[in-house]
Amino acid sequence: MGLDSGMYDAMQAVLRFWRPELPLPAYEPFDSGANVLKVVIEHRTTNIRNIINWEELVQRCNEHRDWGLPPDTPIRRVQCRAATFGLDVLANLAAVGQADVLVAVHGAGIANWLAMPEGSALVEIRPFDFGSADRQWADLFFQPIPAANDWRLQWWAINIEDPALSEPSQREKDGLPPGGDFYHRDRHTRLPFDSALVPVLQRIAAVGRDRERYLAARAQQAYAELKPGGKLQAIPL
């Protein structure tokens, strides 16, 4: 058993203990019902690893109607909200407690994924060069968690491989140490709605919370590289 084993049970125990104390989420409530895919998009307020166009993604997600979902999934529409993590632990738990999907840049905020209901999905965004040039490092943290916790969570990821979708962090601009692969990790990302967010949410909606469907989909494409020109290319695990 690896170090990741038991992480989900531990976080769920923390959630149960604090549930009576949780505040309301800081965003507008999701619509209720099993036909809504509820998506939280991370909004960082730091000078590293921001999703630059998070506001656009939330707006377009909520306005989008043609998701092209298969008839055998109960999901018929998608709603998105934004949340900022790190300011208050209970607020973090409240933000993800009702969500089906967390879209977040590689980093400590992804730990909130473990507080989500069983069958929930993470979409891990890897900034430009980080998921390819530093793939061994990137894969070390979150990719193994579902298998180590009986596949009760879903992991999906997008490696950004288009330099036009990347901006250096302030640390990189200033040439501050440690440099190198840390610069790659901390770059800001512009995530295209049509060519990146929509396809991955379509796959997640088609899988739902079903473990076997997820494992079948994972075998084909658990994560992808977003190439220049908006081409989302599957890469093997």
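**Helix packing, backbone geometry and salt bridges in the predicted model**

Phe-17 is placed in helix α1, which spans residues 7–18. The structure described here is a predicted model. The side chain environment of Phe-17 is one of solvent access: the residue is exposed, its relative accessible area being 60%. Together with Val-14 and Trp-18, Phe-17 forms a nonpolar surface patch whose combined accessible area is about 310 Å².

Packed helix pairs are described by the distance between their axes and by the angle the axes make. For helix α2 (residues 54–63) and helix α9 (residues 193–207), the axes come within 12 Å and cross at roughly 60 degrees. The two helices are therefore oblique to each other, and their crossing is right-handed.

Several backbone features fall in loops. Pro-177 and Pro-178 are joined by a cis peptide bond with omega of about 10 degrees; Pro-178 belongs to the loop between α7 (170–174) and α8 (181–186). Positive phi values occur at two non-glycine residues, Arg-49, with phi near 55 degrees, and Asp-129, with phi near 80 degrees. Arg-49 is located between β1 (36–42) and α2, in the connecting loop, and is buried, at 8% relative accessible area. Asp-129 occupies the loop between β4 (121–126) and α4 (130–133).

Side chains of opposite charge can pair when their charged atoms come close. Over the whole structure, 16 salt bridges are found. One of these connects Arg-44 with Glu-42, with an N to O distance of 3.4 Å. Arg-44 counts as buried because its relative accessibility, 16%, is under the 20% limit. Glu-42 is likewise classed as buried, at 4% relative accessibility.

A further salt bridge, with an N to O distance of 3.7 Å, pairs Glu-56 with Arg-60. Both residues lie in helix α2, four residues apart, a spacing of about one turn of the helix. Glu-56 is partly exposed, at 32% relative accessible area, and Arg-60 is also partly exposed, at 29%.

Asp-72 and Arg-213 form a salt bridge in which the closest N and O atoms are 2.9 Å apart. This pair links distant parts of the chain, 141 residues apart: Asp-72 is in the loop between α2 and β2 (77–83), whereas Arg-213 is in helix α10 (residues 211–221). Arg-213 is partly exposed, with a relative accessible area of 33%. In addition, Glu-124, Arg-126, Arg-135 and Asp-139 are joined into one network by salt bridges that share partners.

Notes:
Residues are numbered from 1 along each chain as its sequence is written. This is a predicted model: local features need pLDDT of at least 70, side-chain atom pairs count only at pLDDT 80 or more; totals for chains, interfaces and linings use all residues. Side-chain values use heavy atoms; hydrogens and water are left out. Patches are made of residues with over 30% relative accessible area and no salt bridge: like charges are joined within 9 Å, nonpolar side chains (Val, Leu, Ile, Met, Phe, Trp, Tyr) within 5 Å. Accessible areas come from the Shrake-Rupley method with a 1.4 Å probe; for residues, only the protein chains shown count as cover. A salt bridge is a side-chain nitrogen of Lys or Arg within 4 Å of a carboxyl oxygen of Asp or Glu. Buried means under 20% relative accessible area, exposed over 50%, partly exposed in between (1.4 Å probe, protein chains only). Axes are lines fitted to C-alpha atoms, for helices over the stretch in contact, and angles run from 0 to 180 degrees between N-to-C directions. Angles under 35 degrees count as roughly parallel, over 145 as roughly antiparallel, 65 to 115 as roughly perpendicular and the rest as oblique. A crossing is left-handed if the near helix is turned anticlockwise from the far one by less than a right angle, and right-handed if clockwise.
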